Amino acid sequence: MSKVHLGHRARKRFGQNFLHDEHIIDQIVSAIDPRPKQQLVEVGPGLGALTEPVAELVDHLTCIELDRDLALRLRQHPFLQEKLTIVEADVLTIELSTLLSNDKNKNGDKIRVFGNLPYNISTPLIFHLFEQVSVIEDMHFMLQYEVVKRLCAGVGESLYGRLSIMCAYYCQAIPVLMVPPHAFKPAPKVDSAIIRLIPHQTPPVNVKNIKTLEKIVAAAFNQRRKTVKNSLSNMLTSEQLSRSGIDPNVRAQDLSLFDFATLANLYEQTTQH
């Protein structure tokens with residue numbers, strides 16, 4: 001199918017960089033591996049670089065687009081409009097479960113989410129989707145390469161932090177493909193990469209209250225140069241840390257997801273007494 005040229009000026013306020021490299025697009029679509037009958041949702045379809053090849057392989061595709069001009073163009077797409085449901089909204093306000101009932105593929109399947117994410121909202125959006133993993137089968141996202149490295153970072157690595165730990169709690173993270181700046185118009189000033197996020201069937205650690213885990217992790221990394229006895233001093237004492245098997249003199253980047261789960265459950269216990 002020939003590409004439909006949609007003349008559109010990228011808008012800085014939406015963080016728009018449009019993918020145009022056909023070879024890269026083919027590799028991304030292969031990585032997503034869309035199939036008929038699956039529930040697929042695209043975040044920020046833009047000019048349709050991924051929308052078109054994915055929609056050709058499936059029965060139906062839901063697209064979430066904030067830019068009203070781009071949403072209108074997709075609604076009027078000469079080949080695909082019958083297959084597309086366009087949701088004109090800020091994805092950060094959307095509960096994916098509400099899209100399931102609107103979708104034409106009502107097999108009770110989970111949603112497969114993909115998109116070239118605007119880099120200015122990528123981290124908050126990922127956290128927003130982590131809270132909805134019960135309805136998600138997998139996610140494939142184009143992100144700034146550094147964000148991909150943060151998602152995949154391990155204990156002790158310089159980029160290991162809040163994003164790494166919460167990602168490890170919710171998902172398996174697999175880097176798939178590097179994408180150079182020249183694959184986009186306008187070309188961003190940073191390298192990009194595709195990541196595959198597969199939600200765990202059951203979390204790898206037992207946490208009594210996920211909000212407490214988030215609170216502990218955020219506090220520890222908010223002052224990442226400090227030892228945990230200092231960064232968590234408002235929440236747990238050195239004695240409590242030691243009794244739980246955590247050295248009070250280590251820094252946040254030296255603690256694993258299991259360690260943070262231990263601290264979250266300990267804090268939960270102390271606040272209930």
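Helices (H or I, at least four residues) and strands (E, at least two) are DSSP runs, numbered from the N terminus. With that in hand, here are some exercises on this predicted model.

**Exercise 1. Place Val-250 in the structure and list its contacts beyond its neighbours within four places in sequence.**

Solution. Start with the location: Val-250 lies in the loop between α10 (238-243) and α11. Next, look for contacts, leaving aside neighbours within four places in sequence: Val-250 touches Lys-226, Thr-227, Val-228 and Leu-255. Finally, take a distance to Phe-18: this residue and Val-250 are 232 residues apart in sequence, and their C-alpha atoms are 43 Å apart in space.

**Exercise 2. Describe how α8 and α11 pack, and work out which term fits their angle.**

Solution. Helix α8 covers residues 210-222 and helix α11 covers residues 257-272. They pack at an angle of about 115°, and their axes are 9 Å apart. Angles of 65 to 115 degrees count as roughly perpendicular, and α8 and α11 are therefore roughly perpendicular to each other. The handedness of their crossing is right-handed. On the α8 side, the contact is made by Thr-212, Leu-213, Lys-215, Ile-216, Val-217, Ala-220 and Phe-221. From α11 come Leu-257, Phe-260, Ala-261, Leu-263, Ala-264, Tyr-267 and Glu-268. Sorted by type, the residues of this contact are 11 nonpolar, one polar and two charged.

**Exercise 3. Trace the seven-stranded sheet and find its edges.**

Solution. Write down the strand order: β4-β3-β2-β5-β6-β9-β7, an open sheet with mixed pairing. The edge strands are β4 (84-87) and β7 (171-179), each pairing on one side only. From one strand to the next, the twist averages 20°. Now follow β7 to its partner: eight bridges join it to β9 (residues 192-199), and the two run antiparallel. Within this pair, Gln-172 stands opposite Ile-198 of β9. Two helices that pack on the sheet complete the picture. Helix α5 (residues 122-130) touches β2 (39-43), β6 (136-144) and β7, and its direction makes about 175° with that of β6. Helix α7 (residues 162-170) touches β7 and β9, with its direction at about 120° to that of β7.

**Exercise 4. Decide why α7 can be called largely enclosed.**

Solution. Buried means under 20% relative accessible area. By that cut-off, the buried residues of α7 are Leu-163, Ser-164, Ile-165, Met-166, Cys-167, Tyr-169 and Tyr-170. Seven of the nine residues of α7 are buried, so this helix is largely enclosed by the rest of the structure. Their packing partners are α5, α6 (145-152), β7, β9, α8 and α11.

Note on methods
Residues are numbered from 1 along each chain as its sequence is written. This is a predicted model: local features need pLDDT of at least 70, side-chain atom pairs count only at pLDDT 80 or more; totals for chains, interfaces and linings use all residues. Side-chain values use heavy atoms; hydrogens and water are left out. Axes are lines fitted to C-alpha atoms, for helices over the stretch in contact, and angles run from 0 to 180 degrees between N-to-C directions. Angles under 35 degrees count as roughly parallel, over 145 as roughly antiparallel, 65 to 115 as roughly perpendicular and the rest as oblique. A crossing is left-handed if the near helix is turned anticlockwise from the far one by less than a right angle, and right-handed if clockwise. Contact means heavy atoms within 4.5 Å. Ala, Val, Leu, Ile, Met, Phe, Trp, Tyr, Cys and Pro count as nonpolar, Asp, Glu, Lys and Arg as charged, and the others, Gly among them, as polar. Two strands pair if DSSP finds at least two bridges between them. Buried means under 20% relative accessible area, exposed over 50%, partly exposed in between (1.4 Å probe, protein chains only).
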